[in-house]
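Open the model in your viewer and keep the selection tool at hand. The tour below goes from stop to stop, saying what to select and what is there.

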Amino acid sequence: MLNYSEFNEYLLTYLSPEQCQQVHKAFLLAQSAHQTQTRLSGEPYITHPFEVAKILSTFQLDHETIQAGLLHDVLEDTAITKEELAAIFSESVAHLVDGVSKLKQIKFSSRAHEQAENLCKMMFAVAHDIRVLLIKLADRLHNMRTIGVMPTEKKNRKAIETLEIYAPIAYRLGMNALKMEFEDLGFINLYPYRYSVIAQAIQRTRAERESLLREVQETIFNTLKTYGVQAHQLSIREKSPYSVYRKMQRHHLKFKDINELFGFRIVVYSLQDCYRVLGILHNVFKPIINKFKDYIAIPKTNGYRSLHTVLIVKHNIVMEFQIRTIQMHLSSEYGIAAHSRNHSESLSIDKEHYAQQWVNDMIELQSNSYSSLEFIEHMKMDLDPDEVYVFDEKGEIWTLPKGSTPIDLAYARSAQEARHCVACSINRLLAPLSTPLQSGQTIKLIFSPHAAPNPGWLTFAITGKARSYIRNWLRNQQYEHSIDLGKRLLIKELESINKVLDDLTPLIPALLEKFRVTQINELYSSIGLGKCLANTVMQSIQQMHYGVGHEDKKIMPLHLNGEEGIVLEYAHCCYPISGDAIVGVIKAGTGLIVHRENCTQLKTISKEESILCLAWDIDEKMTFQVKIELQLLNKIGALALIAGILSEHEINILAAKTKEIMDPRLNDLELVITVRDRDHLAMLLKRLRKTPFVHRIKRL
Ligand code: MN
């Protein structure tokens, strides 16, 4: 059980005697701090941190990590403080222990898969040092190994957490062996019956296939020998009960329909041999089309590298073959921890060497010979001043120049998609699209099919790709829309003198000359853009043809159909939406701005501006922005509830702002949301008023 000298002996195989001394000091402190505590099993509490430290030592992690492993529960469970740890040991040990304690505050509360994924990401974001995560994983591993004594309810919760959070984290860190153990422990505890049924079925099939497997193994062995390729390892693999279970669930399969239950792993000495072996295998057995995967050329995001191919070994029996080098194999089993095994340097590297290390890593990373785990590690360290690394909602990592905003990320991912970007959340909080990104953040981009690039984007998008796409799009859109709007504005003006557009035809050459344009569309466009006023053009027309002066005529409103796009602007003082009584303010140089008829801003209209009578003629797919003010009771879950109701009504939140708190029991919120029209908004407000947490709500 608790055999310290054996442990110490093992540590001495890779740590210096002084470092082992430090570890022992941590052990003694942990032992006395936890003295009065016992585990649920009745054992002294110290057995737990001791086993955690042992797990960490199997990855040959540095002495600070081992120390922190021993001390990982003292901040939470005993009177010892972070400052004391720093004084007795070192800043970094204190920092590591503190980090592990912080991770405990992230509570897993829902079974929703989405949330689990977000929690994983948050763990990465909260753990500023990758070693904190490794300690947390070791902690969970030991707790799962000894979970037998827990009450069922707690056992189930821990098992779900392990499957949904810890196994994926281990996977992301590339630690396959750990991931498999988490999955097995989680599965067997959550569904003991299903586990045993599947495990037995696998065992039966194994017995049936035994001779075939041996036969295939021998064939491969002999063929490789003929071709002169040496294999370091040629092993039979079988799917774990959990992965079989997942596959059955995900694809609604019966056990007998699970293919590739067995397979082979061939570990060779060089990269060239990987491809040679692949060629040889494809010669011997018929490969299944589209099943070949080259994770060497294109590693998985967690750094996994290997060749995968599925071959027909006999009649209907297919098996998966994995081919990789020893190095690839080690890093697929141990992930980031393999890194510390293979480099004499441990995971902690002193600061001054760090910059150099970073540069080397980047070079290696680019040549794909490095796992992406270091990527994550370095990104926590804020070392490179010119780049930021962020996760998207799929967990993919993106590298962007410093100062990039969510819009840059959107264009980096897909220009096609980016056009429809309307909002984003950063670490699950809604944020403006103009927010500069920081390393480690998780960005979820929110799209709406009717959204389109906005000229304002150019004030904060910094990457060349985003800027050129936005500019191009605006140029095209603006021109088309401005022609259309300009034409309609002019038609309106002509109505007042009882003329139609066609009446202009004879005047076109004169108009082109007068306004110095080469075609009539350019004139319409400049009217639409507000560069020249329809009224001015009309006056010229009158002077040219009809003489000065005209009878007054009842002015009919100009109908907006929502297709005017960016040529026209909906004022952000009153946020007009479909159904509101509206007017347009038009001014040379700024174009048409739509206000609500009762907007107070209209009182401040200057002489150069003219007011245009407008009406809606909107197709129902359009959405508008509107601002609402909410007073919420300051209760847990209130915000989540509101967000839920909004999404039920297919409403997006574009911006959210908390106002200064006047009353601590209340939360004042200002939201800019999208609605279809007044009815849609009214329905929403009515629904929100019925919600228990809502104290007051109104449209601004
Ligand atoms: Mn613990």
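Are helices α7 and α9 oblique to each other or roughly parallel? Select both and look at how they cross; this is a predicted model. Helix α7 covers residues 91–104, and it packs with α9 at an angle of about 60 degrees. The axes of α7 and α9 are 9 Å apart. Angles from 35 degrees up to 65 fall in neither the parallel nor the perpendicular class, and α7 and α9 are therefore oblique to each other. Their crossing is right-handed. To see the contact itself, show the side chains of S92, L96, G99, V100, L103 and K104 in α7. Across from them, in α9, are R131, V132, L133, I135 and K136.

**The other partner of α7**

Keep α7 on screen and add α4. This pair packs at about 50 degrees, and the axes of α4 and α7 are 9 Å apart. As a result, α4 and α7 are also described as oblique to each other. The crossing of α4 and α7 is right-handed. On the α4 side, the contact is made by E64, T65, Q67 and A68. On the α7 side, select S92, V93, L96 and V97.

Two of these residues are worth marking. S92 and L96 are listed in the contact with α9, and both are listed in the contact with α4.

**The manganese ion**

Next, select the manganese ion and its protein donors. Which residues are they? They are H48 and H72, each through NE2, and D73 and D139, each through OD. These donors lie 2.2 to 2.5 Å from the ion. Read along the chain, they follow the spacing H-x23-H-D-x65-D. Two of them, H72 and D139, link distant parts of the chain, being 67 residues apart. H72 is in the loop between α4 and α5, whereas D139 is in helix α9. Both H72 and D139 are buried.

**Helix α3**

Now select residues 47–58, which form helix α3. Is this helix mostly covered or mostly open? It is mostly covered, with nine of its 12 residues buried. The buried ones are T47, H48, P49, F50, V52, A53, I55, L56 and S57. One of them, H48, is a donor of the manganese ion. To see what the buried residues pack against, show α1, α2, α4 and α9.

A distance check can be made here too. At 1.5 Å a residue, the 12 residues of α3 should span 16 Å, and the end C-alpha atoms are 17 Å apart, which agrees. Just after α3 comes Q60, whose phi is positive, near 55 degrees.

**A loop residue beside this region**

Select A79, in the loop between α5 and α6. Its relative accessibility is 75%, so A79 counts as exposed. Add A33 and look at the pair: A79 and A33 are 46 residues apart in sequence, while their C-alpha atoms are 7.9 Å apart in space.

**Helix α14 and two loops**

Move along the chain to residues 271–284, helix α14. This helix has 14 residues and reaches 21 Å from its first C-alpha to its last, close to the 20 Å expected. Colour its buried residues: D273, C274, V277, L278, I280 and L281. Among the elements that cover them are α12, β2, β5 and β6.

Two loop residues can be selected next. H252 is in the loop between α13 and β2. Its phi is positive, near 50 degrees, and H252 is not a glycine. At 73% relative accessibility, H252 counts as exposed. N290 is in the loop between β3 and β4. N290 also is not a glycine, yet its phi is positive, about 70 degrees. With a relative accessible area of 71%, N290 is exposed.

**Last residue, then the whole chain**

Select T691, in the loop between α26 and β20. Is T691 buried or exposed? Its relative accessible area is 4%, so T691 is buried. Leaving aside neighbours within four places in sequence, T691 is in contact with L641 and I645.

Finally, show the whole protein chain, which has 26 helices and 20 strands. Of its 700 residues, 48% count as buried. Among contacts with a separation of 6 or more, 67% come from residues 24 or more positions apart.

How values were computed: Residues are numbered from 1 along each chain as its sequence is written. This is a predicted model: local features need pLDDT of at least 70, side-chain atom pairs count only at pLDDT 80 or more; totals for chains, interfaces and linings use all residues. Side-chain values use heavy atoms; hydrogens and water are left out. Helices (H or I, at least four residues) and strands (E, at least two) are DSSP runs, numbered from the N terminus. The expected span of a helix is 1.5 Å times one less than its number of residues. Buried means under 20% relative accessible area, exposed over 50%, partly exposed in between (1.4 Å probe, protein chains only). Contact means heavy atoms within 4.5 Å. Donors are N, O and S atoms within 2.8 Å of the metal (3.2 Å for Na, K and Ca); water is not among the atoms, so sites may look incomplete. Axes are lines fitted to C-alpha atoms, for helices over the stretch in contact, and angles run from 0 to 180 degrees between N-to-C directions. Angles under 35 degrees count as roughly parallel, over 145 as roughly antiparallel, 65 to 115 as roughly perpendicular and the rest as oblique. A crossing is left-handed if the near helix is turned anticlockwise from the far one by less than a right angle, and right-handed if clockwise.
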